[in-house]
Amino acid sequence: MALGMVAMAVLPFVANDYLVGTGLTLLMWLALTQSWCVLSKMTGYVSLGHVVFYGLGAYLMVVSWQQLPFMLVVFGAGVIAAAFAALVGLPVLRVRGPYFVILTFGLAELVKFIIMAAESASGTASRILFGTPDLVVIYFCMFALALLATSLLTWVSRSRFGHGLRSLRENEEAAETLGVPVVRFKLIAFVLSAAIPGMVGAVMALRSTYFVVGGVFDPMISITVIAMAILGGGDSAKGPVLGVVFLFVLQELLWANAPLLYMIILGAILITFVLLLPNGLVGLADTRARWRAQRAAAGAKP
Amino acid sequence: MPVLDVLTSGQLLFAALVTGSVYALVALGLNLVYGTMRMLNVAHGDLVMLGAYAAYWAFSIAGISPLVAAPVVACLGALLGYALYKGLFRHLLAVAPADAGRMESNSLLLFFGLSIILQNAAAMLFTPNNRAYQYLDEVWRVGNVAMTGNRIAALLVAGATCIGVALFLGRSTAGLAMRSVIERREAAYIVGVDVDRVQWSSFALGFGSAALAGVLMSMLEQFSPFSGFPFTIAGFIVIILGGLGNVMAGLVAALLLGVIETYGVALTSANLRSVLLYGCFVGALLLFPNGLLARRSTRS
């Protein structure tokens, strides 16, 4: 993974614009998926509304364009997204299991339609940003965010906080009786997972310069993140990397020529992995490693 | 329109009834599948969409009236449900992890994958364009309410089906078996109910009623491969408001939703229809994690 980091760091200096753009998108998905895992993989509360933070960040960037320095807006987007999560977190996290899944989905759609209504009431159909920073600058912003997301997930995964999250994932009532501050931990995980997508959304608004509400609140973004995380498996930072790379390659191959086919394959991947490989590629690798270790141990006996 | 005029308009009442009855039919299937198997079928609306396309092709190519095609399409939907149950979902239940909540989240993702496949396969096969056709659209007038024939037909068919299913659940032995599985699955096993049969028949009934709702919907509005999704959301609102697994309360909640949507849009604006729908959805889940008219049940 360290090798990958170095490769991504030097990419803008050795590759052309198209490849840099592709690398940028890869880093974006990595940042989004890692941050999603901080909540959903660690606590088991699967969020289907991750895109709401992304969209809020993008919207903030677009409405404050050329009124504030863009780096400030990027940070602000993270803060605003986290604040939104803190605001809705308490009632939203009371809901459990599959209802949480559809609630987060509904919440993202609700925010989308509210902003759509607001935009159409003010007469704006779409917005365009002029004078955005250079691609390389945007690339390094995204690189920093991907790095931040991976570090966050790694830290959470290894900390006592993460341990507490895992315990509430396995059995929330039991964790509570053992003294884990379940409500507080869930809320913290939720807020932490919201900040980075907000910043990612703001940066991507700079990249695409053309903003349409439906595009930045597209539920397919949430679904793709989930697919990448499930594909990768596990609850550490390794899984999402595998899942992101795999799905990203698939996406790049099919998106331009057969987008519908890509969606069908995505759906099929979701079904296959949920049914057969709930621990994703990481789980698959772990099982094979254990298998090999077992065979080695059996072979070592006389 | 002045508020009082809106509230007493017979026209809007009729529209609310029609919308509500179609929602009731959609929610019925969703409720049965959830009640017996604790699975939230996110692909339900896409079955509605498939039913709509089936009726469309039957009418456009063979000239078959949707009212005649309806029972056939419903049976096809039921068959699909049966096949999916035997092929896919029995497997999922067999490998279920110990935690019921996790299995439910997993099954939701499964249905989501199915939904994506259905929508995009339909878009590939039928093109993503909107489709519609004219049928039974002579206008009948009662007082100052203008009703088109197709809306009256939709209301009657949806209403009759819902009442029929309610009678089935209330009066027949098979219906009683289904209710027992909905209420307490393990106990149903103990008293000798063939739970597997109840499950596939609820799947079949659920998918069949979704397909039927699709046929009705195809008469009323234009549709595309992606128009199933709002029906899924509406179905969810209804079953959450009525309490998951509670079929009768679901019927009431569906009419309520039809009223909220129709009168809400009339009082505000058509732009806000989605805001209203999702607002109700989020509100319902946040305020009533156990359903508005829910019966108390020890199983969460």
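A residue is called buried if 20 or more other C-beta atoms lie within 10 Å of its own, exposed if 12 or fewer do, and partly exposed in between, with the C-beta atoms placed from the backbone. The model is predicted, so that local features need pLDDT of at least 70 and side-chain atom pairs count only at pLDDT 80 or more, while totals for chains, interfaces and linings use all residues. Residues are numbered from 1 along each chain as its sequence is written, and chains are lettered from A, with ligands numbered from 1, in the order in which they are written.

**Exercise 1. Two residues with positive phi**

Determine whether Thr209(A) is buried, partly exposed or exposed, and do likewise for Thr127(B).

Solution. Begin with the backbone: Thr209(A), although not a glycine, has a positive phi of about 55 degrees, and it is found in the loop between α9 and β2 (210-211) of chain A. Next, count neighbours: Thr209(A) has 14 other C-beta atoms within 10 Å and is therefore partly exposed. Turning to chain B, Thr127(B) is likewise not a glycine and has a positive phi of about 65 degrees; its place is the loop between α5 (100-126) and β1 of chain B. Because Thr127(B) has 11 C-beta neighbours inside 10 Å, it counts as exposed.

**Exercise 2. The span and surroundings of α4(A)**

Compare the expected span of helix α4 (residues 70-94) of chain A with the distance between its end C-alpha atoms, and state where the helix is kinked.

Solution. Helices (H or I, at least four residues) and strands (E, at least two) are DSSP runs, numbered from the N terminus. The expected span is 1.5 Å times one less than the number of residues, so the 25 residues of α4(A) should span 36 Å, which agrees with the 36 Å between its end C-alpha atoms. The helix nevertheless has a kink of about 50 degrees at Val88(A), shortly before the proline Pro91(A), where the bend is the angle between axes fitted to the seven residues ending at a residue and the seven starting there. Val88(A) is also one of the buried residues of α4(A), which include Phe70(A), Ala81(A) and Leu93(A). What covers these buried residues includes α3 (51-63), α5 (97-121), α6 (135-158) and α9 (182-208) of chain A.

**Exercise 3. Two helices of chain B**

Classify the crossing of helix α2 (residues 10-37) and helix α9 (residues 195-220) of chain B from the angle between their axes.

Solution. The axes of α2(B) and α9(B) come within 8 Å and cross at roughly 165 degrees; axes are lines fitted to C-alpha atoms, for helices over the stretch in contact, and angles run from 0 to 180 degrees between N-to-C directions. Angles under 35 degrees count as roughly parallel, over 145 as roughly antiparallel, 65 to 115 as roughly perpendicular and the rest as oblique, and α2(B) and α9(B) are therefore roughly antiparallel to each other.

**Exercise 4. Where the chains meet**

Find how many residues each chain brings to the contact, and which element of chain A supplies the largest share.

Solution. Two residues are in contact if their C-beta atoms, placed from the backbone, lie within 7 Å. The contact takes 33 residues from chain A and 32 residues from chain B. On the side of chain A that touches chain B, α4, α5, α11 (219-232) and α13 (259-276) each supply at least two residues, and the largest share, 14 residues, comes from α5(A).
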